Amino acid sequence: MNAIAEIQAFAEEMSTIRRDIHAHPEVGYNVHRTADVVASKLESWGLPVVRGVGKTGVVATLKRGSSNRAIGLRADMDALPMQEANDFAHRSTVEGAMHACGHDGHTTMLLGAARYLSASGDFDGTVHFIFQPAEEEGAGAQAMIDDGLFDRFPVDVVFGVHNWPGIPEGHFGVRAGPIMASTSLFKVILTGSGCHGAMPHLGEDPVFAAAQIVSSLQSILTRNKNPVEAAALSVTQIHAGEAQNVVPTHAWLGGTVRTFSDETLDLIESRMRAIVTSTAFGLGCRSEVEFSRNYPPTINDPEQTALAVQVMREVVGGHAVNASIQPTMAAEDFSFMLRAKPGCYAFIGNGTGDHREVGHGAGPCMLHNASYDFNDHLLPIGSTYFVRLVERFLNHG
Ligand SMILES: [Zn+2]
Ligand SMILES: [Zn+2]
């Protein structure tokens with residue numbers, strides 16, 4: 001590991017900040033206290049801060065030299081609406097809210113980079129430190145963009161990082177091209193006409209139609225989609241009926257679709273609509289499909305990924321960098337920023353979970369698990385990564 005010595009020297013203070021944010025989780029756009037903490041730290045280091053970008057986002061700016069090149073570094077600030085199972089000292093103090101995705105750590109890593117760069121950074125150009133709300137749900141990144149993020153704080157490139165349990169502590173994983181999937185949700189509503197369960201010929205059965213549709217939808221992945229393109233389609237809900245001897249009038253299905261390209265997503269949506277409409281019609285039912293596209297795929301720019309990989313190797317050594325990590329079907333709203341600007345989104349290993357203090361709940365510690373905790377050992381490494389990206393991208397040429 002090659003964390004910058006000055007950053008290592010304030011690692012304990014970073015840990016204190018991270019644990020304070022962990023103990024006070026805020027969900028969605030309601031990240032008021034967290035934004036206060038972030039803004040007041042940034043201001044105490046002499047950085048001009050703009051608040052309320054995309055409702056509760058925070059942007060700080062640092063300019064050196066004469067170059068008009070600019071880099072954006074982004075962290076997410078929001079927690080999840082779930083109950084924490086841990087009972088160590090810095091556990092959540094808010095009922096039904098928890099930092100189970102490590103955004104407390106992402107925020108602190110970016111603060112550490114801002115602190116170091118404001119005091120001693122050696123670069124020529126502008127850095128915008130971007131702290132966004134509502135990553136988990138609500139598309140906070142898009143809200144900031146809609147609020148003029150990249151017009152008010154123009155950047156050439158943008159970078160972000162997410163901790164990842166299971167990757168060894170402090171290792172990096174990244175890849176050029178798609179690294180995380182698009183996420184969409186669908187609901188299929190079927191309407192027949194109810195009747196006696198003993199006399200099914202007197203009605204139209206939405207349960208039967210639903211069963212046919214659940215099976216047929218999988219044919220999109222095996223018969224319509226190009227086999228070399230990855231995608232997931234999961235029906236996760238079936239709702240119908242009240243009594244065992246009544247054919248109900250209504251049934252509905254719910255589920256999610258994940259893809260790595262818009263073309264595959266377009267195909268899946270259109271085939272889904274065709275299968276639902278024709279199957280329901282053939283079985284005498286009416287149908288409706290609600291299909292909502294939430295986050296697009298997260299696609300890394302090859303040139304900026306190469307820069308990120310070079311920096312990672314400098315920071316943690318080549319043995320600790322996987323530059324062709326397998327993409328994940330999970331989604332991330334940094335994808336909106338990567339649609340607007342070239343850049344790179346990477347994973348930093350959160351380790352096996354052994355870092356968790358006494359009092360962590362049972363079970364493994366994948367993201368969104370009630371026993372999860374961010375690994376504070378990553379704070380100086382993540383900050384160093386951000387700093388070195390700035391120094392490489394905004395070098396003196
Ligand atoms: Zn999450
Ligand atoms: Zn997350």
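**Figure 1. Ser219, a partly exposed residue in helix α7.** In this predicted model, Ser219 comes out at 27% relative accessibility. That value sits between the 20% limit for buried and the 50% limit for exposed, so Ser219 counts as partly exposed. The helix that holds Ser219 is α7, which runs over residues 206-224. Leaving aside residues up to four places away in sequence, Ser219 touches Asn224 and Ile275. Thr107 is another story: its C-alpha atom is 42 Å from that of Ser219, and the two residues are 112 apart along the chain.

**Figure 2. The β1-β2 hairpin.** Here we look at strand β1, residues 49-53, and strand β2, residues 57-64. The two strands pair in the antiparallel sense, with four bridges between them. If you want one facing pair to get your bearings, pick Val49, which stands opposite Ala60 in β2. Three residues lie between β1 and β2 in the hairpin. Look for Gly54 in the turn, where phi is positive at about 65 degrees.

**Figure 3. The open sheet of eight strands.** Going across the sheet, the order reads β1-β2-β4-β3-β5-β16-β6-β15. The pairing is mixed. β1 and β15 stand at the edges with a single partner strand each, so one side of each has no neighbour in the sheet.

**Figure 4. The β15 edge of the sheet.** What does β15, residues 321-322, have for company? Its partner is strand β6, residues 172-173, and the two pair in the parallel sense over two bridges. Within this pair, Phe172 stands opposite Val321 in β15.

**Figure 5. Stepping back to the whole protein.** The close-ups above come from a protein with 11 helices and 16 strands. With a radius of gyration of 24 Å, close to the 21 Å from the globule rule for 397 residues, the protein is as compact as a globular protein of that length. Along the principal axes, the C-alpha atoms fill a box of roughly 80 × 45 × 40 Å. Buried residues account for 55% of the 397. Of the contacts with a separation of 6 or more, 81% link residues 24 or more positions apart. The accessible surface is about 16200 Å², and carbon and sulfur atoms make up 51% of that surface. As for charge, there are 28 positive and 43 negative ones, and their mean positions are 3 Å apart.

Technical notes. Residues are numbered from 1 along each chain as its sequence is written. Chains are lettered from A and ligands numbered from 1 in the order in which they are written. This is a predicted model: local features need pLDDT of at least 70, side-chain atom pairs count only at pLDDT 80 or more; totals for chains, interfaces and linings use all residues. Side-chain values use heavy atoms; hydrogens and water are left out. The radius of gyration is taken over C-alpha atoms; the globule rule is 2.2 Å times the number of residues to the power 0.38. Buried means under 20% relative accessible area, exposed over 50%, partly exposed in between (1.4 Å probe, protein chains only). Contact means heavy atoms within 4.5 Å. Accessible areas come from the Shrake-Rupley method with a 1.4 Å probe; for residues, only the protein chains shown count as cover. Lys and Arg count as positive and Asp and Glu as negative; His and the chain ends are not counted. The place of a charge is taken as NZ of Lys, CZ of Arg, CG of Asp or CD of Glu. Two strands pair if DSSP finds at least two bridges between them.
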